[in-house]
Amino acid sequence: MDSAAAARAHEEEVQTYVHSQAHLLNKSSYNPLPTELPPPIAALSALGDMHVVVLIGLPEVGKPFLAKRMRQYLRFFHGADCALFDICENLDYPSVDESSAALSARISEWMLRNGGASNVPLGSPLLGDGESAPTYKGQKAVDSGRCAIVYGSDTYRAFEQKWSGSSKERRRWILDQVRAMSRSVKLVFVEVKVTDVTLMRNNVAIKRHAMGLPTCEEDFRRTEASIKEFAKLYVTLQQDGSEEDMSYVIFINYGQKVVTNRMHGFLRMRIAQFLSTIHTETHTIYLTRHGQSQYNQLGKIGGNSGVTEYGLDYARRLATFARETICREDGSNANKARLWTSSMRRTNETAQFIEHPEVTLPDGDKWVQMSHRVYRNLDEIFAGEYEGLTYEEVASRHKDEAFLRKVDKIGYRYPRGESYFDIISRLDPLIHELESYHEPTLIVSHQAVLRMLYAYLMGIDRMDAPRLSIPLHTVIKLTYNGWTQCVEQQVYLGPDVPKDEQST
Ligand code: F6P
């Protein structure tokens, strides 16, 4: 048997859950009806729901942006199998009826493949439009279902296609199509409205920038005029009782106002909340690990040690960086900026020299600069019974466990501790808050947690996240608008740690 086959055989033998917890799944005198599966590990509450989400609205409101963001969020945080369906890719038919029916067939086929049973690997790579994922033997029988997200990349061209949902009649027709797929497929309309001119202009500028085109005043005026023309034909979701049997969210000016109707159910509620937090304005997020800790130096995992002399030096350098770079990002003397840390000693010690002056904003309001917010959600992965051990000690004392972590790093849960999926779960509410802000935010946290935040923001598959490198004494600056690819810049602040004092 070659080594890969031996590893596979061993994997099957040791099961894909934490070995030391296996006995908990067996019958005992006091627990004759035990839980048969290990605890859920994929941050999931709902199993196998199927949704069709249709984005509707006037042109230039950011429907493709929302479609992509929703897919990334649902896949990363909820393991949902999502596919995008761009109406404009289905227009090459002799008639509107034919192109509309063809898209119904594509969506239905994707949604109901394998009899509707989800077979997607949790956190498999992001798929292209209408693509589906391959089957995966190691799947842990949990998923957040399937979500087909329908949008038009060119609202003008897509107008007459029935899936554009641009009239009451077309929306009824979509409802009938979805019902015909299966009674268990649920339909949600998301109507996007942008009434704020600055937001609309921002959307136009981002879109043109992504196409490598500049934007001038004339472009804005032309766009505004054609939106007005379009609005004469488009029928907004009616709130007069005639469409209230449907599930919908009306989402105005990116979270300024949100109207929801029949948005019950786990995934629908997450969608509504997520959409109400995101916006397209470019902003920056700075990620950094704490300065070198005593446990880093000793190669121990977990714990709550303080920082070393090198870590303290980093803390001073970070404070200077915060004052001179983060708080002066817009070229002014003090733009608003935020600071988040975990609750652990090493991150608090790293943030201790950051200054918090009160500044007066252009509108006269006061703002405490980098006011320190402490979140337990940002604490390092809890290694349970292995806290304080080195990786070598884990490998020699708990061979099977070390092996399990190696083969399934994202799903592996430390005995009485956490897994990377658990981290994803506790970061979910935090990401909603982070998405809603516009000011630069510095996050001082830990290797495992930052891997997840970084991967989500960079659009990296969550399965690849646990092995990403997040170097010490480095600030990772992410310039983010959630629409175009996030731009990354790594700033190494030092100090260098001598080789013999580096460990983890
Ligand atoms: O080694 C530093 C550390 O933050 C540990 O406390 C933590 O257990 C570890 O990194 C997480 O990294 P990995 O998942 O690769 O073990």
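The following exercises, with worked solutions, concern a predicted model.

Residues are numbered from 1 along each chain as its sequence is written, and side-chain values use heavy atoms, leaving out hydrogens and water. Local features need pLDDT of at least 70 and side-chain atom pairs count only at pLDDT 80 or more, whereas totals for chains, interfaces and linings use all residues.

**Exercise 1.** Determine which residue forms a salt bridge with Arg201, and where the two partners lie.

*Solution.*
1. A salt bridge requires a side-chain nitrogen of Lys or Arg within 4 Å of a carboxyl oxygen of Asp or Glu.
2. Arg201 meets this criterion with Glu217, their closest N and O atoms being 2.9 Å apart.
3. Arg201 belongs to helix 6 (residues 197–210) and Glu217 to helix 7 (residues 217–233), so the salt bridge ties together parts 16 residues apart in sequence. Helices here are DSSP runs (H or I, at least four residues), numbered from the N terminus.

**Exercise 2.** State whether Arg201 is buried or partly exposed.

*Solution.*
1. With a 1.4 Å probe and protein chains only, buried means under 20% relative accessible area, exposed over 50%, and partly exposed in between.
2. The relative accessible area of Arg201 is 22%, so Arg201 is partly exposed.
3. Glu217, at 37%, is likewise partly exposed.

**Exercise 3.** Identify the salt bridge that Glu217 forms within helix 7, and the network to which Glu217 belongs.

*Solution.*
1. Glu217 forms a salt bridge with Arg221, with closest N and O atoms 3.8 Å apart.
2. Glu217 and Arg221 are separated by about one helical turn, because they are 4 residues apart in helix 7.
3. Salt bridges with shared partners join Arg201, Glu217, Glu218, Arg221, Arg222 and Glu224 into one network.

How values were computed: Helix = DSSP H or I, 4+ residues; strand = E, 2+ residues; numbered from the N terminus.
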